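Visitor: I am new here. Please show me the model, and tell me how its labels are earned.

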Amino acid sequence: MMQMVSLVVRCSNRRVSHGLAQRRYYAAGSLSAGWRWFGIPTSLGVACIALVKLQRTLRESAKENKESNTWQLSLFRQLSTRALSRTWGALTRQEIPTWLRRPLLGFYVWAFGCKMEEAEEPDLVAYSSLTELFTRKLKTTARLIAKECQLVSPVDGTVLHIGQVTNGTLEQVKGVTFSLAKFLGEDITSTEANDKDLQYIILYLSPGDYHHFHSPADWNTQVQKHIYGELLPVAPWAARTMPALFAVNERVLISGTWEYGFFSMVAVGAFNVGSISLEHDKELETNVKGAYEMGRWSKKALGLGGLTFRKGDHIGHFSLGSTVVLVFRAPKNFSFLVTPGQTVTYGQSLGHIISQQKVGVKF
């Protein structure tokens, strides 16, 4: 009898437990379904707000600058790329424990194809941070300067585009243009901005490239200009989809003259590349925290007689790959020796002049 009662009690407990488990299961399912249904309109709402904001930015951008009216450019300008670049810079400056340097830095070297055999210091353990690896120096024998040519590459990188300034505009890639006056600063003279003899070349530095830039010619620099702006990506895909990209980003310009007249070199900042350093100006600070006015610049004269550079002289460096643009006057018999898409190294011939018809400053 007692065994039968015990059996009945156990069965009842099982039914009660099973019932509770079922109620809990259905309750949990209802709650989960509720969250799922709640998440759908919330996500749609956020997407609608983002779309409205993007459309508003596109309209404002169209009013300010028709060249910049693309959804890709407007979308990136919604992001805090300057703040994100400062954060990335702070992270890359952090000291890496000695035991972690070889695997961590080795992965970066492998991923981006860094040529450590050309570095002055090939041992990865000697680099205490990612920034030190980014700004590594080369062996003195790693590059030769083409003395026979008037124009040499200032960087290791890829030729993004070359050409002649037409109606005051340049092409960053085929069919995608930007204003020379806005790129160099609105105070550039109309003579320089519309000169039919102005040539240009755009050189892109990838994350794995040597990040220093050198003098591309024998020239004298008189003016340095820091132009404030965004820090958007400058990789080839960005150049193809964001018109006026180089006239939007923060940049540092050095201008002066060479044997044939006007000559300028522009170091363009980029996303995660907020730091541009110059050998002759230790006080220069780029991507500074705080508000800035788009396109505003600070300008300084480079001494009474300016600064004279020879081909291959060190000028400065980026803290990660970016872009260098050369704009210069050249005679009609000037010819580029490279083509878009070609990989170049600093000191390599970019262009030459068949006959020496020199005007302007003599060296």
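Guide: Start with a rule for strands: two of them pair if DSSP finds at least two bridges between them. Keep in mind that this is a predicted model.

Visitor: How do you know that β3 and β4 pair?

Guide: Count the bridges. Four join β3, residues 169–173, to β4, residues 176–179. The rule asks for at least two, so the strands pair. They run antiparallel. One bridge partner of V173 is known by name: V176 in β4.

Visitor: What lies between β3 and β4 in their hairpin?

Guide: Two residues separate the strands of this hairpin. G175 sits in the turn, with a positive phi of about 85°.

Visitor: Why is R101 called buried?

Guide: Its relative accessible area is 9%. Buried means under 20%, so R101 is buried. R101 belongs to helix α4, residues 98–112.

Visitor: What makes the link between R101 and I96 a polar contact?

Guide: A polar atom of the R101 side chain lies 2.8 Å from the backbone oxygen of I96. The cut-off is 3.5 Å, so the distance fits. R101 also touches residues farther along the chain, among them L124, V125, Y127 and S128.

Visitor: What makes β1 an edge strand?

Guide: β1, residues 151–152, pairs on one side only. So does β15, residues 334–336, the other edge strand. Their open sheet has the order β1-β17-β15, with antiparallel pairing.

Visitor: How many bridges join β1 and β17?

Guide: Two, in the antiparallel sense. The rule needs at least two, so this counts as a pair. Here L151 stands opposite G351 in β17.

Technical notes
Residues numbered from 1 in each chain as written. Predicted model: local features only at pLDDT ≥ 70, side-chain atom pairs only at ≥ 80, totals over all residues. Heavy atoms only, no water. Buried < 20%, exposed > 50% of the residue type's maximum accessible area, 1.4 Å probe, protein only. Polar contact = N/O pair within 3.5 Å; in protein donor to acceptor, adjacent residues only side chain to side chain. Contact = heavy atoms within 4.5 Å. Lists of a residue's contacts leave out its neighbours within four places in sequence.
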